[in-house]
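Hello,

Here is the structure I promised to pass on to you. Have a look at it first, and then read on for what turned up in it.

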Amino acid sequence: MNFSPYLALEASAGSGKTFALSVRYLSLLFMGANAQKIVALTFTNKSAHEMKTRIFETLKDLENKEELHAIAEQTGKSEEVLLREKEHVLRHLLQADIKISTLDAFFALILRHFALNVGLQPDFSIGEETLDEKLIEQFIALCKSKNLYRSLIAFTLQEDKKLGDVFSLLHFLYQKKSELRLDAFPEASYPSLQPCLEILERIRVYFEACGLSTRGLATFQAQSLGELLAKKYLEREDFGYWDYKKYANETVNALLHELKEALRIHCDAKEAYFLGELGKLFGVYDESLRRLMRANGELGFDDVTNLLYTLLREEIHKDFLYFRLDGTVEHLLIDEFQDTSVVQYEILLPLIEEIRAGRGVKDFKTLFFVGDVKQSIYRFRGGAKELFGYAKESLHLAVDSLDTNYRSSPEVVAFVNEIFTGKMKGYETQKAAKKEGEGYICVRIDECVESLVLEEIGRVLEKGIKPKDIALLVHTNKDAKVFKALIQEHFPSLHVRLEATLKLTEVRSIKAMISLLKYLYFGDEIYKASFCTLSGMSWGTPLSMVSCTMHQPPLVVVQMLIEHYGLYDGSQDWLRFLEVASRYEEIESFLFALERLSDEAKSEDSEGLRVLTVHKSKGLEFEHVILCDKLGRDTTQSDTLLFSYDAVNLQEVHLTMRGRESVDSGYEKAKEREQSLNFEDRLNALYVAFTRAKRSLCVCAKSDNSVFESLNLTPLERGILSQTEASVAPSLKPLPLFFPKAYGTQNISAVEDELNESVEVGSMTFGIAQHYLLEMWDGFEKESLERAYLALRNRFASVLDEGALQRLYQRAEHLLTCKDFLSLVQGANILKEQPLMYQKERKQIDLLLEHPDKIVVIDYKSSKKESAKHHAQVALYQEALSQIYTLPVEGYICYLGNEGVELVKNL
Ligand SMILES: Nc1ncnc2c1ncn2[C@@H]1O[C@H](COP(=O)(O)OP(=O)(O)OP(=O)(O)O)[C@@H](O)[C@H]1O
């Protein structure tokens, strides 16, 4: 067995960290961990979703997966044993409430336990972070009531900032609230520049008396701090240079020092004023946000993090947190650890320490952190890459690494090694696992990068490469939009997917539905026009409700409209939309909520060429990557505040002032450090970009002002650009409509007997899925079977293959041709999956039919192999039910086979 209970895995891109994470997760399950007590945290919803799918898919097809060997190594179990236990583990996983989520979603879950402690209802919703009018109104009103309105105006004028800038700053500080005690900054008055100007005047008078030229004397005039700090002599130790040299002496050099010192003091005082004022305003901003949260019950993720942090630090004891969460987390896995922020880490720390305090495998509590500091690109959001090293050391984690790249072709791996060796701290060359000869690299440099990209796309398409295998990586959302438009103009028939920005509510068909809902609810013709345009319906189409009114729940209304207007196109986005609709009770609040819905669309045009930002591409891989330079100038704007850290702890906050570094050495150091961190961040982003390609990578760089400047690229071409052999997945036919419905009553143990004997697949999953389909099937009609089938697909598509899914459908369909079955169902009150306690045992009745004159119990089976046992079981149900009902109870066994249905009465 090769299993370290507390392990950090730090390895380069493409080396199999995500692979290792799913191996670890599955190994835990095979070692007996309870899936409900394993928390796996990722950074994006997408990775959480992918991880879930990967775990299910690996388990389902374990015998053919690379993971099998790795799991055997970790668990110490043989591959045969693992395969024997596979169904059991899969069943356990299907039953569990799996906790694979984003850090944010996990925090929201914890906060719900303590919502009342912070004056919130536990059912608060998570919305988009709002910087909306309501917040501004609330903020201004509170400023007025606290007599701070004048100081707000004075502050904006003094600092020459618009109210919007002040708001953005407050919002930014809100993300750092827990690290930064803004309320601790004392109030200070705005300093006068006069002392500095007086010294400057003394220097001017001195040089005037010496006879310095008018041009020279002009440098000793200034009106503002900005002008003063721009003076070049402040960068010097004395006046021993240029025209001044002739007249410089100790007196005037001492004055220069005096001026610098006065300026340093002035800058400090200005900073104190700024932070003092900001602190006051921040207090109001924070309170405004809290008030709005309480009033609306809606929080953003920053709110969740801040509230949780405050709770931990101030309002509840950590032990209490353990107590409330006790037993819920025994195994913690964190992906992309390098992007964890200090605050997030501190929130997790009680859980981490609780796990770490155990005795590893003996107590069976484990930690697994995975990351790559070279890919740390979220410093602007609080990500602290130093945290990884800190955590490894302070928690005494075992450290593992991986040196082989399984993602990219050897050509790509060699190129990345070449480019980054020596340029990136701690870069170690990777080996390539793939065989040589199938990769391609090119670097093209030109003044006009747009045409390079278009040519490259044309070249790749000419090779017969499918658009869905190509990704164009760009640097900003704006660039992504520009390229989408450009590509569509040049390749009109090519589908382009803009992954960076598409929200669910921006998907064309969903937008059409929202317009239709608005038209039917508000009656404004403009919405009708919008619906007709978006849906392609003619203006003459009568838009009225057919058999439901707008007073019904949104889910019902939306379902009716989709069906009536034939809007369903098979896209997953409809499922998401229906899920959102099901959260609201009436149309108005649903429509209102849609305005703020930030959910991203899932499946826009899955066949198209993808254009996405480097940041969005993190953790993903594509067959062919075209990496484009940044359009426009590559500028780094400086922030208003400069934060200086000692590893993971915030040490100081400085107010940024151009030229301040020449009079303040502390500020100069902080600025240099900031610049070097910025440089590292940018290099890390390039590393992420260069490591996404599986087969080919083409870099299109600008000859001037390029983001690739630090990489010293030269034009080159290596290898052969060729098509991927892997066949394209058959395009999915549009599926009929799915209606989300809670599936809560399934009792898997009740179907176990039958499943064990299922000759069809020998699989528990198949049996569970069969029961699920029958439970979801309302009314035993053809139309409702299709809905139930979609619910089935939605839940089981990742664990059953297409053939099994279809067989399940056909088996259920046979029931529609079984006259005896239909006549039993006819006119009955239908109850499914009914729990029953009898002789101290819990039973689960598949189908219970209440007629006015009799009760019918039906048990589904898939084979007649153990028919005697089946009859005994149904007889037991009849016996139990006879004690509940006064009516006669009939029992039937319904054999569902591939060939047809057989209904056998229990005599
Ligand atoms: N041991 C392995 N054997 C075969 N294939 C592997 C192995 N490990 C990883 N792979 C494959 O290599 C590719 C890259 O792996 P993975 O995504 O886990 O890398 P990663 O380290 O998480 O990369 P990144 O840091 O860029 O996110 C995937 O397609 C994965 O299936």
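Trp242 counts as partly exposed, because it has 13 C-beta neighbours inside 10 Å, and a residue needs 20 or more to be called buried. Please keep in mind that this is a predicted model. You will find Trp242 in the loop between helix H11 (225-229) and helix H12 (250-296). Its backbone deserves a look: Trp242 has a positive phi of about 50° although it is not a glycine. For context, most residues other than glycine have a negative phi.

Glu336 also has a positive phi of about 50°, and it is not a glycine either. This residue sits in the loop between strand S6 (331-334) and helix H15 (342-356). Is Glu336 buried or exposed? With 25 C-beta neighbours inside 10 Å, Glu336 counts as buried.

Back to helix H12, which is where Ala262 is placed. Ala262 counts as buried because it has 20 C-beta neighbours inside 10 Å, and 20 is where the buried class begins. Leaving aside residues up to four places away in sequence, Ala262 touches Pro195, Cys196 and Ile199. The C-alpha atoms of Ala262 and Leu193 are separated by 9.0 Å, with their positions 69 residues apart along the chain.

Ala35 tells a similar kind of story from a loop, the one between H1 and strand S2 (38-42). With 20 C-beta neighbours inside 10 Å, Ala35 counts as buried. Its contacts, not counting residues up to four places away in sequence, are Leu29, His92, Leu93, Ala96 and Ile98. Ala35 and Asp97 are 62 residues apart in sequence, yet 7.6 Å apart in space from C-alpha to C-alpha.

Next, two helices. In helix H3 (residues 67-75), the buried residues are Glu67, Ile71, Ala72, Gln74 and Thr75. They lie on the same side of H3, because they cover an arc of only 165° around the axis. The general background is that an α-helix has 3.6 residues a turn, so residues three or four places apart point the same way. What covers the buried residues of H3? The cover includes helix H1 (17-30), helix H2 (45-60) and helix H4 (79-95). Just after H3, Gly76 takes a positive phi of about 80°.

Helix H26 (residues 665-690) has 26 residues, and at 1.5 Å a residue it should span 38 Å; its end C-alpha atoms are 37 Å apart, which agrees. Its buried residues are Tyr667, Ala670, Asn684, Ala685, Leu686, Tyr687, Val688, Ala689 and Phe690.

There is a ligand to look at too. Which of the 16 residues around the ligand come nearest? They are Ala13, Gly16, Lys17, Thr18 and Tyr406. The shell divides into four nonpolar, seven polar and five charged residues. At least three residues of the shell come from each of domain 1 (6-111 + 311-402) and domain 3 (410-500 + 607-719).

Finally, the chain as a whole. Its secondary structure comes to 32 helices and 24 strands. Of its 907 residues, 36% count as buried. Among contacts with a separation of 6 or more, 77% are between residues 24 or more positions apart.

Enjoy exploring, and best wishes!

Technical notes
Residues are numbered from 1 along each chain as its sequence is written. This is a predicted model: local features need pLDDT of at least 70, side-chain atom pairs count only at pLDDT 80 or more; totals for chains, interfaces and linings use all residues. A residue is near a molecule or strand if its C-beta atom, placed from the backbone, lies within 6 Å of it. Ala, Val, Leu, Ile, Met, Phe, Trp, Tyr, Cys and Pro count as nonpolar, Asp, Glu, Lys and Arg as charged, and the others, Gly among them, as polar. Domain bounds come from an automatic or database domain assignment. Helices (H or I, at least four residues) and strands (E, at least two) are DSSP runs, numbered from the N terminus. The expected span of a helix is 1.5 Å times one less than its number of residues. A residue is buried if 20 or more other C-beta atoms lie within 10 Å of its own, exposed if 12 or fewer, and partly exposed in between; C-beta atoms are placed from the backbone. The arc is that of the directions from the helix axis to the C-beta atoms. Two residues are in contact if their C-beta atoms, placed from the backbone, lie within 7 Å.
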